[in-house]
Amino acid sequence: DIPPGDKAYVVKGTARTFANMRAYSVLAHAHYLGKEFKAIATLPDGTTRPLLWIRDWDFNWQDRYVYKEPVDLPKGTKIDVTITYDNSADNPRNPCNPPRRVRFGLQSTDEMGAVVFQTMTTSDADEKALDDFHAAIAKAVVKKVAESDTVKRLAEEQRQLRAGMAPPPGCGSAPPALIKKPGRWFGGDPTAAAGYPDGADHRAG
């Protein structure tokens, strides 16, 4: 629920690995208000590893970034994710002018936020532990979604749209064109996306 004019609305999430894992890639997802993505792993011994850092998000960057080398995430690793949104008039990608309240939704003028890792377990025993964990999580998620006010709101909005009782979602103007922009298009170097800067300029015209 991002209020209009908020230049740095922050959403945080934390997860722990319940088995010995190895990460091969990471995917980031947001819409036009996304500003910055960060994901940092804290290993059981206290050391930290950057997994993702996109300093200036672009809608076109909804992609999977492959690590140059797989990242080991031992059992008990904590992964902290921070996504920052800019719902101000200073955000050139903001599709609404003036800015309006933005909540989770299915339209591009709504917002989402996700960081997804492609991983594998390091042994059969770890795979079994992970499967059991996923089954428990899936059950809890289904219950939470069923009780969610957000899901109920979206269902009601869709019902009203189908019945012609509500205007189309959005802010009355087309969102920015999904095109490459000089100096804004990510060049595709996975080390930069994964937070391993090498000092090079990863922009492309």
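User: How do you know that helix α2 has a span close to the expected one?
Analyst: In this predicted model, helix α2 covers residues 149–162, which is 14 residues. The expected span is 1.5 Å times one less than the number of residues, and that comes to 20 Å here. From its first C-alpha to its last, α2 reaches 20 Å, so the two agree closely. Just after α2 comes G164, with a positive phi near 70°.

User: Thanks! What makes the pair of Y32 and F59 stacked?
Analyst: Happy to go through it. Ring centres must lie within 6.5 Å to pair, and planes under 30 degrees apart count as stacked. The centres of Y32 and F59 are 4.3 Å apart and their planes meet at 10°, so both conditions hold and the pair is stacked. Y32 sits in the loop between β2 and β3, F59 in the loop between β4 and β5, so the pair ties together parts 27 residues apart in sequence. Both residues are buried.

User: And why is the pair of F37 and W57 called tilted?
Analyst: Here the centres are 4.8 Å apart, within the 6.5 Å limit, and the planes are at 45°. That angle is neither under 30 degrees nor over 60, so the pair falls into the remaining class, tilted. F37 belongs to strand β3 and W57 to the loop between β4 and β5, so this pair links distant parts of the chain, 20 residues apart. By the same rule, the count of aromatic pairs comes to two.

User: Why do F37 and W57 count as buried?
Analyst: Buried means under 20% relative accessible area. F37 has 0% relative accessibility, so F37 counts as buried. W57 is also at 0%, so W57 counts as buried too. Across the protein, 31% of the 205 residues count as buried.

User: How do you know that β2 and β5 pair?
Analyst: Two strands pair if there are at least two bridges between them. Strand β2, residues 21–30, and β5 share six bridges in the antiparallel sense, so the condition is met. One bridge joins M21 to its partner L73 in β5.

User: What makes β5 and β7 edge strands?
Analyst: The open sheet has three strands in the order β5-β2-β7, with antiparallel pairing. β5 (64–73) and β7 (113–121) each pair on one side only, and that puts them at the edges. From one strand to the next, the twist averages 30°.

Note on methods
Residues are numbered from 1 along each chain as its sequence is written. This is a predicted model: local features need pLDDT of at least 70, side-chain atom pairs count only at pLDDT 80 or more; totals for chains, interfaces and linings use all residues. Side-chain values use heavy atoms; hydrogens and water are left out. Helices (H or I, at least four residues) and strands (E, at least two) are DSSP runs, numbered from the N terminus. Axes are lines fitted to C-alpha atoms, for helices over the stretch in contact, and angles run from 0 to 180 degrees between N-to-C directions. Buried means under 20% relative accessible area, exposed over 50%, partly exposed in between (1.4 Å probe, protein chains only). Rings of Phe, Tyr and Trp (its six-membered ring) pair if their centres lie within 6.5 Å; planes under 30 degrees apart count as stacked, over 60 as edge-to-face and the rest as tilted.
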